[in-house]
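Colleague: I'm still getting used to the vocabulary here. Could you walk me through how the labels get decided?

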Amino acid sequence: KVHPLVVFSILDHYKRRDPKQEHVIGILMGEVNITPEGKEYQIKNCFQQESMEHKGGGLIFDVHYYQKMAALQKKLNPKESVIGWYATDTQLDIISYEVYSIIRKNFPEPVHLVVDASLRDSRLSVDGYAVKKMGFGGKARLCQFGRVKTELTASEAAKIALGAVTTGGTDSERKSPFTPATMLSEMENLTYSLRELLHLLETVSEYVDQVVAGKERSTPEIGSAIKDALAAIPRIDMEMFTRMFNQKTENMLMILYLTNIIRTQVTLTNRIYEVLD
C-alpha cells in the first residue's frame, strides 16, 4: 500500500533532477504488517538517494548519504524504517540488482516501487516488485523480480487535502500541473460536491436499471454496498430538507458578500494611503 504523498515526492524528485540524469532513485520508508494473506508493506514516506549511472552500465551509490538519511528519518519517526527503494526507470536490470544488494543489508526483503514518470499513454503507472530467489542444492543462485499487488491508500484527512489540490483553482490554472493549488470557496465546494453526488447517483441508477433489465450481472457485494449506502441516509421530509438547504446557502452567500466588502474596503484603503504618500 502506497501513500499518495510518496508518489508526489517521487515525481517532485524526478522534476528537479539534474539535466544529465535520465532517471532517479530513492529510498522507501514505512512499516510491514503481518496479515492472513501474507506480509503487507505500508509505504508512507521516502527520500531521494544521491546516485549516478556511469558509462560502464553500473551505478555509483552514495552509501554514506543513504545511511545518514535513513538514521535521520528513523529519528523523525521511530515506527518507520527502510523497506525498499523506488526508481523512475521501468527497466529491471543490473542497476536494480545493485540497489537491492545494498538495501537488503538493512532490510532482508525490500520491495521495489517503479513510477513511470514519462506518462506513457497519458497515464501514471505505479507498480511494485519483490525479489524472488531461485536456486538448487539449498542455495540461491538467481534472483527474479516479480510483480506484487500495489494500491494507493490514504486517510480521510489526506483524501480531503488531495481533493483540494486536484479541484482547486480556476479552469485556466488547472491546465498547468505546476501552478500552485488554491482552496475552493464554500460555495464552489458545495457546487462541486453536488455535481459529484449527482454523477454517482446517476451511475448507480444506471447500473441498477441494467441489472433489472438483465443486461448486467449483479454481485452480492455490490448489492450490499448499495443497501448500506441507502440505509445510511436519514429520512428527512422534503420540505424540511429544502428549508435547511436554502438556509445554509443563504448563510454562505452572506459570508461571501461580507468577505467581498471587507476585501474591497482594504483595497481602497491601501490605494488611498499610496496616493497620500
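**How the labels are earned**

Modeller: Sure. Let's start with Asp-89, which sits in the loop between strand S5 (81-87) and H3. Keep in mind that this is a predicted model.

Colleague: Okay, why is Asp-89 called buried?

Modeller: Its relative accessible area is 16%. Buried means under 20%, so Asp-89 gets that label.

Colleague: And what makes the link from the side chain of Asp-89 to the backbone nitrogen of Gln-91 a polar contact?

Modeller: Distance is one part: the side chain of Asp-89 reaches that nitrogen at 3.1 Å. The cut-off is within 3.5 Å, so 3.1 Å fits.

Colleague: Which residues does Asp-89 touch, leaving out those up to four places away in sequence?

Modeller: His-23 and Val-114. Touching here means heavy atoms within 4.5 Å.

Colleague: Now helix H3, residues 94-103. How do you know that it's largely enclosed by the rest of the structure?

Modeller: Count the buried residues: 7 of the 10 in H3 are buried, so the helix is largely enclosed. They are Ile-95, Ser-96, Val-99, Tyr-100, Ser-101, Ile-102 and Ile-103.

Colleague: What share of the whole protein chain is buried?

Modeller: Buried residues make up 25% of its 277 residues. The chain exposes about 20200 Å², with carbon and sulfur atoms supplying 57% of that.

Colleague: And how many helices and strands are there?

Modeller: The protein chain has 8 helices and 8 strands. Among its contacts with a separation of 6 or more, 53% come from residues 24 or more positions apart.

Conventions:
Residues are numbered from 1 along each chain as its sequence is written. This is a predicted model: local features need pLDDT of at least 70, side-chain atom pairs count only at pLDDT 80 or more; totals for chains, interfaces and linings use all residues. Side-chain values use heavy atoms; hydrogens and water are left out. Buried means under 20% relative accessible area, exposed over 50%, partly exposed in between (1.4 Å probe, protein chains only). Helices (H or I, at least four residues) and strands (E, at least two) are DSSP runs, numbered from the N terminus. A polar contact is a pair of N or O atoms within 3.5 Å; within protein, one must be able to donate a hydrogen and the other to accept it, and residues adjacent in sequence count only if both atoms are side-chain atoms. Accessible areas come from the Shrake-Rupley method with a 1.4 Å probe; for residues, only the protein chains shown count as cover.
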